[in-house]
Amino acid sequence: MDIACRSETICAIATPIGIGGIGIIKISGPDALTILKEIFTPSSSSSFPPPSHKLTYGWIVDPASETPVDEVLASYMAGPRSYTGEDVVEINCHSGYAVLNRILTLVLARGARLARPGEFTLRAFLNGRLDLSQAEAVVDVIHARSEKALEAAGRQLRKGLGEAVSRWREDLLDMEARLEALMDFPDEMDSEAEPSELEELASRLEGCVLPGVRTIVDHYDEARVLREGVSMVLVGKPNVGKSSLLNALVGQDRAIVTPIAGTTRDVIEDGFLVGGLWVRVLDTAGIREKPDVIESLGIERTLRSVDEADLILWIVDQSWPLDGDDDRIEEKTRAKRRIVVLNKSDCPAVTTPQALSARYALSDPVIPLCAHDPRDIQRLKAFLEEAVLREMILGAESTFAVNVRQKECLERAAEALRAAVDVARTQGLPELISEEIRIARLAMEEVLGVHVDDAVLERIFSRFCIGK
Ligand SMILES: Nc1nc2c(ncn2[C@@H]2O[C@H](COP(=O)(O)OP(=O)(O)O)[C@@H](O)[C@H]2O)c(=O)[nH]1
Ligand SMILES: [Mg+2]
């Protein structure tokens with residue numbers, strides 16, 4: 001992405017393409033207003049340009065043929081008080097393939113070029129309208145599937161993280177300046193004063209910046225669950241009712257259910273909302289000995305999903321005895337947060353909760369249910385919400401739900417700050433302390449995007465859709 005070229009005017013269809021009430025074409029850059037002037041005829045004889053930040057009613061007219069194209073509301077937002085910080089024009093037209101394309105073609109023919117994914121937000125960042133953490137929050141708002149994810153992204157968009165990190169950065173800059181003075185004028189310092197000055201600096205780091213950064217890093221996993229949802233994997237022997245449970249949980253026939261063991265061979269994914277959180281459910285091939293070739297590939301995938309899962313639902317058919325396959329599943333999922341579901345509670349019980357605990361030393365909750373009974377599914381969801389999910393996001397709601405990039409920067413900062421405190425308390429060398437603080441400050445600047453290379457920007461903005 002050539003991020004330098006902001007002299008070009010960019011345009012895009014900003015709404016999903018298809019038939020609908022309103023479609024929006026967005027233009028940003030130095031020629032936005034001139035382009036609007038050429039293709040837009042306001043209804044009243046109001047003068048051009050239309051007032052900034054107001055909607056103006058009129059028609060898009062093809063200047064070549066003078067044919068009216070669509071009845072629209074156009075708005076002009078004069079830079080720098082606009083999303084991108086540049087002159088921005090938005091044309092609210094009717095939404096249909098032909099009309100959106102026709103207007104876009106008129107705009108393109110007047111010198112604008114198509115915007116790349118995320119390019120409007122990239123410009124907002126480059127023009128200082130947003131810091132990088134806010135730009136990333138824009139993607140999160142768009143991608144949020146649950147209320148909790150949206151809340152977390154909203155906090156970041158309102159500059160929560162950016163503000164906290166900027167504050168810490170200021171603190172570190174201040175400390176660097178004090179250390180600089182210590183290094184430059186060592187003779188002027190009372191020899192007794194230096195150790196106490198360093199001790200004060202260490203306590204300052206330990207009292208504020210370091211715990212602040214650590215809290216965010218330590219709650220990263222909970223934050224990830226908040227942002228992306230919980231990944232819950234259904235495992236069990238063939239025919240225990242995994243696919244039936246997936247279908248019941250998501251409320252539609254996603255997976256094929258048959259009485260034939262080995263029906264599900266690939267991992268099937270869907271999801272549902274509970275307590276404002278998104279739960280991704282992955283239905284897997286049943287684990288058993290001696291499967292055929294296709295099924296054994298499916299089992300490999302099952303085991304891989306288990307590794308990546310936040311939560312395992314181990315499903316046992318309670319009308320059937322436990323055997324060696326159950327032992328293998330129990331062992332493979334032991335290290336994970338796990339719930340045991342005793343399915344087919346409508347059938348005579350062979351495997352009871354007592355039989356389970358006689359065979360395995362389980363500390364997991366055991367829930368008997370019938371996958372065909374909607375009340376049992378509601379009970380399972382309520383249990384998930386209250387006993388499992390709430391705890392999984394406990395720490396995340398009171399801090400910032402950072403993404404992996406931000407977490408890595410902050411982790412680096414925390415490490416350097418820890419080292420700075422240790423050096424201050426042991427060797428007391430201002431040069432070394434200052435170097436560690438500088439490393440921490442630079443890592444914080446990466447979060448804000450003060451110094452960030454084009455490759456990183458490209459990666460971040462490639463997650464955007466066109467028109468944002
Ligand atoms: N009686 C009864 N049958 C069930 C229940 N859950 C699933 N089944 C049946 O068990 C068979 C296997 O179900 P399926 O969901 O394909 O199991 P999977 O192989 O673990 O995915 C199907 O015939 C289902 O209708 C249940 O709670 N009670
Ligand atoms: Mg299945």
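Student: What makes Ser-243 (OG) and Thr-264 (OG1) the protein donors of the magnesium ion (ligand 2)?

Tutor: They lie 2.0 to 2.1 Å from the ion, and donors are N, O and S atoms within 2.8 Å of the metal (3.2 Å for Na, K and Ca), so both oxygens qualify, although water is not among the atoms and sites may look incomplete. The pair links distant parts of the chain, with Ser-243 in helix H9 (residues 242–250) and Thr-264 in the loop between H9 and strand S9 (268–274), 21 residues apart. This is a predicted model, in which local features need pLDDT of at least 70 and side-chain atom pairs count only at pLDDT 80 or more. Residues are numbered from 1 along each chain as its sequence is written, and side-chain values use heavy atoms, with hydrogens and water left out.

Student: Why are Ser-243 and Thr-264 called buried?

Tutor: Both residues are assigned to that class, which means under 20% relative accessible area, whereas exposed is over 50% and partly exposed lies in between (1.4 Å probe, protein chains only).

Student: How do you know that strand S8 (residues 230–236) and strand S10 (residues 277–283) pair?

Tutor: Five bridges join these parallel strands, and pairing requires that DSSP finds at least two bridges, so the criterion is met. Ser-231 stands opposite Arg-280 in S10. Both strands belong to an open, mixed sheet of six, ordered S9-S10-S8-S11-S12-S13.

Student: What makes S9 and strand S13 (366–368) edge strands?

Tutor: Each of them pairs on one side only. The twist of this sheet averages 25 degrees from one strand to the next.

Definitions and conventions. Chains lettered and ligands numbered in written order. Helix = DSSP H or I, 4+ residues; strand = E, 2+ residues; numbered from the N terminus. Axes fitted to C-alpha atoms, helices over the stretch in contact; angles between N-to-C directions.
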